[in-house]
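Subject: Structure for you to look at

Hello,

Here is the structure I said I would hand over. My notes on what was found follow below it.

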Amino acid sequence: MLRVTEDPRARWDRFRALTRAEPLPCALVDLDALEANVRAVTAPLRGSGKTLRIATKSVRCPDLVTRIRDAAGDVARGLMTYTAAETAYWAERGERDLLLAYPTARAADAEALARANASGATAAVVVDSPEQLQPLAVAGRAQKVQLPVVLEVDVSWRPLGLVHIGVRRSPLRSADDVVSLARQVSRTEGLRFHGIMAYEAQIAGVPDDGAAVRVMKNRSTSDVAHTRARVAGALRDAGLAATVFNGGGT
């Protein structure tokens, strides 16, 4: 990340002077620091064959999202969005690779996603249960598109099956669970299986603070890698190609 050499008090005084005449609330973004941080995050990915997806939930300013995507260049692969309405908004702005990371069973949301796909975008949506498929399928058929569906896999850590460490993001725990729902998606008119989401919140979402946390993260990392590998292998064996395999926050 960008190393800040300016005295904190001097920096605070400078920022206060810049915003003194602005009505509050207001936000100030140091664009040099922003672009330096983008370079730091993307540097390990260049030449690796891996890409990242920019999460709009974390940057609630469209112009900054666009600036980050442009700075990341070919390392960035599309946007991960927060709501169906926001997904449709980005499709209207010309974004072609979109992934709504949160399930929805609302008909209006499904219709917005279907319209985004009908406009030429790939606007996928995360699903974690069969009950969410029906409104998506109805909307896809109405727009004469196959709505791309990404399945959320729970990769929280359960050492010895005794405790649960992480968030409860999905009931899909095993490779068999994932393959079963992926098959249901692929058989449903108006939908198509698009890939997998596997967010390891206990690793990516927890500050690296203390020896116990580091031990938990190291052991959980191995478990997550095995779960992802089992899911990927089971999907291949079932003939279900995952266009997107979103590995999570790390």
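A residue is called buried when its relative accessible area is under 20%, exposed when that value is over 50%, and partly exposed in between. Please keep in mind that this is a predicted model.

Overall layout

The chain has nine helices and seven strands. Its C-alpha trace spans about 60 × 45 × 35 Å along the principal axes. Of the 250 residues, 40% count as buried.

Cysteines

Which class does Cys26 fall into, buried, exposed or partly exposed? Its relative accessibility is 37%, so Cys26 counts as partly exposed. Cys61 is also partly exposed, because its value is 30%. A disulfide requires two cysteine sulfur atoms within 2.5 Å. By this rule the count comes to zero disulfides. For Cys26, the nearest cysteine sulfur is that of Cys61, 13 Å away. Seen from the other side, the sulfur closest to that of Cys61 belongs to Cys26, and at 13 Å it is too far for a bond.

Strands and crossovers

Strand S2 (residues 76–81) and strand S3 (residues 97–100) run parallel and are joined by three bridges. Leu79 has Leu98 in S3 as its bridge partner. Together with helix H4 (residues 84–92), S2 and S3 make a right-handed β-α-β unit.

S3 is in turn joined to S4 by four bridges, again in parallel. Here Leu100 stands opposite Val125 in S4. Between S3 and S4 the chain passes through helix H5 (residues 107–118), and this β-α-β crossover is right-handed.

Strand S4 (residues 122–127) pairs with S5 in the parallel sense over three bridges. Val126 is placed opposite Val150 in S5. The connection from S4 to S5 goes through helix H6 (residues 133–142), and it is a right-handed β-α-β crossover.

S5 is also joined to strand S6 (residues 191–197), by six bridges, and the two run parallel. Leu147 stands opposite Leu191 in S6. The chain gets from S5 to S6 by way of helix H7 (residues 175–187), in a β-α-β crossover that is right-handed.

How many residues of strand S5 are buried? In S5 (residues 147–152), six of the six are. In a regular strand the side chains alternate between the two faces of the sheet. In S5, Leu147, Val149 and Leu151 point one way, Pro148, Val150 and Glu152 point the other way, and all are buried.

The loop after S5

Pro159 lies in the loop between S5 and H7. Its relative accessible area is 21%, so Pro159 is partly exposed. The C-alpha atoms of Pro159 and Asp223 are 9.1 Å apart, although the two residues are separated by 64 residues along the chain. Val163 is found in the loop between S5 and H7, and is partly exposed at 44%. Leu160, Leu162 and Val163 form a nonpolar surface patch with about 370 Å² of accessible area together.

Salt bridges

Side chains of opposite charge can pair when their charged atoms come close. The whole structure holds 14 salt bridges.

One of them is between the side chains of Glu35 and Arg67, at 2.7 Å from N to O. This pair links distant parts of the chain, with Glu35 in helix H2 (residues 31–42) and Arg67 in helix H3 (residues 62–72), 32 residues apart. Glu35 is partly exposed at 24%, and Arg67 is partly exposed at 35%.

Asp74 and Arg46 also meet in a salt bridge, at 3.6 Å from N to O. Asp74 is in the loop between H3 and S2, while Arg46 is in the loop between H2 and strand S1 (52–55), 28 residues apart. Asp74 counts as exposed at 68% relative accessibility, whereas Arg46 is partly exposed at 43%.

Arg228 forms a salt bridge with Glu200, the closest N and O atoms being 3.1 Å apart. Arg228 is in helix H9 and Glu200 in the loop between S6 and helix H8 (201–204), with their positions 28 residues apart in the chain. Glu200 counts as buried, because its relative accessibility is 1%. Elsewhere, salt bridges that share partners join Arg53, Arg77 and Asp97 into one network.

The end of H9

Asp237 lies in helix H9 (residues 211–237) and counts as exposed at 72% relative accessibility. Asp237 and Val179 are 58 residues apart in sequence, and their C-alpha atoms are 9.6 Å apart in space.

Regards

Key: Residues are numbered from 1 along each chain as its sequence is written. This is a predicted model: local features need pLDDT of at least 70, side-chain atom pairs count only at pLDDT 80 or more; totals for chains, interfaces and linings use all residues. Side-chain values use heavy atoms; hydrogens and water are left out. Buried means under 20% relative accessible area, exposed over 50%, partly exposed in between (1.4 Å probe, protein chains only). Two strands pair if DSSP finds at least two bridges between them. A crossover is right-handed if, with the strands pointing away from the viewer, the path from the first strand over the helix to the second runs clockwise. Patches are made of residues with over 30% relative accessible area and no salt bridge: like charges are joined within 9 Å, nonpolar side chains (Val, Leu, Ile, Met, Phe, Trp, Tyr) within 5 Å. Accessible areas come from the Shrake-Rupley method with a 1.4 Å probe; for residues, only the protein chains shown count as cover. A salt bridge is a side-chain nitrogen of Lys or Arg within 4 Å of a carboxyl oxygen of Asp or Glu.
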